[in-house]
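Reader: I should like to understand how the terms used for a protein structure are justified. May I see the structure and then put some questions?

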Amino acid sequence: MNGPEKSYTSIGPAKLANNAGQPAAESVEERGVAKGNPLQGHTDRMQGRAKVNQALERIRQAAKRGKEVKFTSLLHHIYSVDMLREAYYSLERDASPGVDGETWRHYGEALEDNLQDLSGRLARGGYRASPVRRAYIPKADGRQRPIGVPVLEDKVVQRATVEVLNTIYETDFFGFSYGFRPGRNQHDALEALDRAIWEKRVSYVLDADIQNFFGTIEWDWMVKFVEHRIGDKRVVRLIQKWLRAGVLEDGKWTPEAEGTPQGGSASPLLSNIYLHYVFDSWVQQWRKKSAQGDVIVVRWCDDFIVGFQHRSDAERFLGDLKERFQKFNLALHPEKTRLIEFGRYAAKNRKRRGLGKPETFDFLGLTHICGTTRKGRFTVKRRTIRTRVRAKLGEVKAELRRRLHRPIPEVGSWLGSVVTGHCRYYGVAGNFQALSAFRYQVGWLWHRSLERRSQTAGVTWLRMARLLKRWLPRARIYHPYQPVRQLQMSLA
């Protein structure tokens with residue numbers, strides 16, 4: 001680290017600015033009291049949340065004072081009962097249990113006693129991480145993505161740890177990093193990319209993906225990166241416990257030698273810390289010292305887009321990036337990493353050389369296309385990735401078969417939520433036609449399902465039109481184009 005190293009053994013009271021609002025890292029979803037908790041729990045939680053927010057703000061202010069600050073006493077913030085309580089209430093109530101079968105509701109029946117016991121074990125070093133339960137979720141391409149399901153107490157401790165560490169690392173992370181960060185989402189990343197391509201001189205795009213990123217993270221490097229900022233050895237050992245807990249699948253425990261299982265609260269933050277030092281800091285220096293033209297970057301976890309003004313910069317960057325990743329046991333996915341001609345002048349330049357239309361690239365569920373407005377000006381058009389649409393319609397078809405004989409209002413309400421959820425994510429400017437097509441396909445599948453309910457009485461399209469109007473909301477753009485938006489977040 002540059003400059004003299006400072007350390008903070010404890011964080012004392014700090015006077016807050018009068019206009020300081022609640023930081024994004026401290027926002028916690030409101031939830032009711034668990035079954036069996038007294039009503040007094042509401043008051044206790046409000047007081048506890050105030051203490052948590054004050055403690056986090058003091059840490060944040062210390063982190064802002066300098067990136068050379070090293071925090072040597074943080075564990076007491078994590079094992080605070082108030083912090084653990086907030087972490088518990090921020091978890092999903094109906095999430096799948098881990099290997100011990102403990103659920104959110106059952107744990108909450110004796111919440112204060114359980115949290116006091118957990119706090120004590122963390123304070124005296126008696127806390128032990130349990131193996132994660134291996135589960136699989138389907139991907140759009142038909143493959144299965146492995147995830148790890150931690151036990152509930154591990155989820156609580158991880159969430160509390162992430163809340164504390166986020167206050168530090170949010171002052172370090174770069175603006176072009178969006179994945180799994182407080183107050184940022186996929187649409188922020190998409191808008192930043194769109195505006196950066198439109199505003200900057202981008203002629204080439206590197207669409208890159210890291211191969212098996214979560215499974216190839218090297219623990220030694222991870223610990224070194226964490227120790228740049230975290231001098232509390234107890235917190236470092238806590239992270240190592242989660243990494244070494246192993247995986248339980250089909251009743252068989254398997255130790256892990258590298259990687260971090262997806263599914264826990266700590267995994268997204270650890271991945272961002274890893275890539276902050278391996279990629280973000282490096283690319284920030286590369287584009288300042290090595291690039292001859294404009295370079296833009298937008299990263300969402302292990303999926304990132306880099307735009308270049310000059311092809312020579314793009315080719316040199318790709319070679320340097322491969323060498324950089326090799327040092328840290330990472331590799332670019334050979335099938336998902338492409339350097340393409342894309343940007344304001346791509347169509348004109350390719351036409352002059354006798355080539356076809358510019359290639360497209362996919363990012364965060366949307367296909368990005370070089371296009372023009374009605375007035376002939378360059379724009380980036382975005383369409384829902386076709387494989388995503390086919391996969392979702394396949395899920396709808398299978399579920400309609402399962403609900404074949406359920407009441408029409410029940411099925412209609414469910415289908416309405418499917419269409420709404422699809423539009424809320426993919427409802428970006430310029431994608432209205434694809435949204436309308438998805439709604440039509442869902443309605444068509446529902447009509448086929450209703451036709452199968454009876455061999456004698458069909459469902460006329462007149463009646464079907466009334467059902468669709470009643471239950472399926474019309475396509476809607478939830479994320480319109482923003483004509484005036486600062487690029488600081490995407491280019492910083």
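**Reasons behind the terms**

Author: In this predicted model, β11 and strand β12 (residues 366-372) pair in the antiparallel sense over three bridges.

Reader: What makes β11 and β12 a pair?

Author: Two strands pair if there are at least two bridges between them; β11 and β12 have three bridges, so they pair. In β12, Thr367 is the bridge partner of Asp362. The open sheet has three strands in the order β11-β12-β13, and its edge strands, β11 (361-363) and β13 (378-384), each pair on one side only.

Reader: Why is the pair of Phe213 and Phe214 called edge-to-face?

Author: A pair of aromatic rings is described by the distance of the centres and the angle of the planes. The centres of Phe213 and Phe214 are 5.3 Å apart, within the limit of 6.5 Å, and their planes stand at 70 degrees, over 60, so the pair is edge-to-face.

Reader: Why is Phe213 called buried?

Author: Buried means under 20% relative accessible area; Phe213 has 2%, so Phe213 is buried. Phe214, with 11%, is therefore buried as well.

Reader: Why is the pair of Phe225 and Tyr274 called edge-to-face?

Author: Their ring centres lie 5.4 Å apart and their planes are at 70 degrees, over 60, so this pair is edge-to-face. Phe225 belongs to helix α9 (residues 219-227) and Tyr274 to helix α11, 49 residues apart, and the pair links these distant parts of the chain.

Reader: How do you know that Arg470 lies over the face of Trp471?

Author: The distance from the ring centre is 4.0 Å, within the cut-off of 6 Å.

Note on methods:
Residues are numbered from 1 along each chain as its sequence is written. This is a predicted model: local features need pLDDT of at least 70, side-chain atom pairs count only at pLDDT 80 or more; totals for chains, interfaces and linings use all residues. Side-chain values use heavy atoms; hydrogens and water are left out. Helices (H or I, at least four residues) and strands (E, at least two) are DSSP runs, numbered from the N terminus. Rings of Phe, Tyr and Trp (its six-membered ring) pair if their centres lie within 6.5 Å; planes under 30 degrees apart count as stacked, over 60 as edge-to-face and the rest as tilted. Buried means under 20% relative accessible area, exposed over 50%, partly exposed in between (1.4 Å probe, protein chains only). A charge sits over a ring if NZ of Lys or CZ of Arg is within 6 Å of the ring centre and within 35 degrees of the ring normal.
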